[in-house]
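User: I'm new to looking at protein models and would like a close look at a single part of this one. Could you pick one long element and show me what it meets along the way?

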Amino acid sequence: MSGNPSLAATDPHRDASVHASAGTGKTWLLVTRVLRLLLAGASADSILAVTFTRKAAAEMELRIMERLHELACAGPDKLVELLRQAGIEPESDTPQRAAQLYEAVLCSPRRLRCTTFHAFCQDLLQRFPLEADVAPGFEVVEKTGQLEQAAYDALLAESTRAPEHPVTRALDRLATDCDSLGSAQQALRSFLALRSDWWAWTSGEDNSLDFAVASLTAFLDIDPGKDPLVNYPHDIQRASHRKFAELLRDNTPGDIKLAARIEGALEKKLSGREYLDAVALAWLTKENEPRKRKSTPTQQKRLEPEGEERFLSLHEAGCAELLALRDAVARRNSLALNTAWYRAGSALLEHYQRIKREQRMFDFADLEWLACELLSHSEHAEWVQYKLDARIDHLLVDEFQDTNPTQWRLLLPLLEELAAGDAGRQRSVFLVGDRKQS
């Protein structure tokens with residue numbers, strides 16, 4: 001959406017999904033949609049508008065009431081102008097009804113709901129605590145820093161008691177690859193921050209960690225038990241590298257040092273990793289790009305045509321070989337590092353959840369996940385969906401993120417209920433999303 005927002009999306013009789021970045025008038029679009037829903041006969045309490053932050057929810061409600069107040073105070077000509085700006089062609093009684101909306105909404109026994117995802121989930125769990133298997137009157141904690149630190153301290157204490165435990169080794173790997181224990185701690189805090197995504201990804205699996213590692217292994221398309229640098233370089237590769245070094249020595253003066261690197265590495269007893277690091281610059285730049293080599297008259301004169309052809313062929317084959325090895329090594333390292341992150345992170349998450357249970361606390365991620373489970377997988381899911389469906393006719397979602405699995409799982413049951421409702425009942429869905437979050 002660019003310039004003035006499209007009024008077609010505000011039509012209360014159609015479902016709409018709008019791509020809108022910050023500063024493009026999406027709040028105006030949302031408010032106009034609500035206005036047209038109210039003018040079309042929707043009751044205030046049948047509209048649910050959901051966004052991410054309390055500030056955004058409060059601003060949305062304020063802007064709606066300001067628009068209705070503006071209509072209530074406008075003179076006849078101004079009122080018609082405001083309605084036309086909203087895509088409404090005034091009919092005989094439309095201006096009068098528009099002017100009365102402000103008072104009607106204020107006096108409604110149930111107010112129009114502009115809320116956050118977290119507040120919606122909290123309200124849902126408070127209405128259905130037994131169905132969600134939570135204690136009535138639970139406490140929601142907003143600042144979790146102390147709880148996270150307590151969980152981290154418990155994790156470190158546990159690993160200190162068992163130096164050979166897999167979790168301890170995972171912490172050591174994180175500290176090594178992240179360069180410090182502090183950076184490793186930040187990585188683990190990011191795991192906690194993404195815990196609802198972890199739950200959504202591993203939901204229904206008997207062993208979350210094994211499932212996650214197996215999924216990543218399949219994605220990376222590697223055999224974790226096979227080291228790509230074992231027996232590298234083998235005899236055929238050694239012969240090719242030696243021949244390439246010989247041709248390098250007969251080429252430009254700058255290639256003599258590169259030839260020396262290869263010959264020196266061939267003479268030493270190096271591991272596959274050490275050998276790869278030693279010879280890589282003969283084929284690749286420091287940016288890990290193939291060195292540019294092509295046929296030139298001077299090169300042909302030095303190497304002769306047959307020698308140049310062999311030289312360029314060995315260079316191309318060597319580049320492909322080294323790039324493939326480095327890619328295989330990177331995939332293997334990525335699997336090892338992420339496996340350590342999964343293992344240590346899931347252990348930290350267990351401590352974090354245990355501490356909250358002991359203190360009868362939930363955080364915002366708990367609210368989202370418990371609400372998702374209540375609406376999707378509990379034995380009461382259909383009944384809860386039915387009760388919600390009886391109250392919601394029009395759903396508006398601001399900052400919709402189709403890459404957020406928890407948000408998907410939370411909204412999908414509501415969308416399915418809206419789609420499966422009574423054909424004679426006016427229902428609608430309106431989603432606003434930013435491409436940067438899609």
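Analyst: Let's start where α7 and α15 meet: these two helices are oblique to each other, a word for angles of 35 to 65 or 115 to 145 degrees. Their axes come within 8 Å and cross at roughly 125°; axes are lines fitted to C-alpha atoms over the stretch in contact, with angles from 0 to 180 degrees between N-to-C directions. Helix α7 covers residues 145-161, while α15 runs over 297-358. Helices here are DSSP runs (H or I, at least four residues), numbered from the N terminus.

Before we go on, a word on the model: it is predicted, so local features need pLDDT of at least 70 and side-chain atom pairs count only at pLDDT 80 or more, while totals for chains, interfaces and linings use all residues. Residues are numbered from 1 along each chain as its sequence is written, and side-chain values use heavy atoms, leaving out hydrogens and water.

Back to the crossing. On the α7 side the contact (heavy atoms within 4.5 Å) is made by residues including Leu-147, Ala-151, Tyr-152 and Leu-155, and on the α15 side by residues including Ala-344, Leu-348, Tyr-352 and Ile-355. Sorted by type, the contact has eleven nonpolar residues, one polar and four charged. Nonpolar here means Ala, Val, Leu, Ile, Met, Phe, Trp, Tyr, Cys and Pro; charged means Asp, Glu, Lys and Arg; the others, Gly among them, are polar.

Next, find Tyr-342, also in helix α15. It forms an aromatic pair with Trp-198, with 5.5 Å from centre to centre and 45° between the planes, which makes the pair tilted. The rule takes rings of Phe, Tyr and Trp (its six-membered ring) with centres within 6.5 Å; planes under 30 degrees apart are stacked, over 60 edge-to-face, and the rest tilted. Trp-198 sits in helix α10 (residues 195-202), so far along the chain that 144 residues separate the partners. Both Trp-198 and Tyr-342 are buried, that is, under 20% relative accessible area (exposed is over 50%, partly exposed in between, with a 1.4 Å probe and protein chains only). The two also belong to a cluster that ring pairs build from Phe-191, Trp-198, Trp-201, Phe-211, Trp-341 and Tyr-342.

Now look at the loop leading into α15. Leu-284 lies there, between α14 (272-283) and α15, and counts as buried because its relative accessible area is 0%. Leaving aside residues up to four places away in sequence, Leu-284 touches Glu-289, Pro-290, Arg-291, Cys-319, Leu-322, Leu-323 and Arg-326. Leu-323 is 39 residues from Leu-284 in sequence, yet their C-alpha atoms are 8.5 Å apart in space.

Two backbone details finish the tour. Most residues other than glycine have a negative phi. Asn-288, in the loop between α14 and α15, has a positive phi near 65°; at 29% relative accessibility this residue is partly exposed. Glu-304 is not a glycine either, but its phi is also positive, at about 70°. Glu-304 lies within helix α15 itself, and its 54% relative accessibility makes it exposed.
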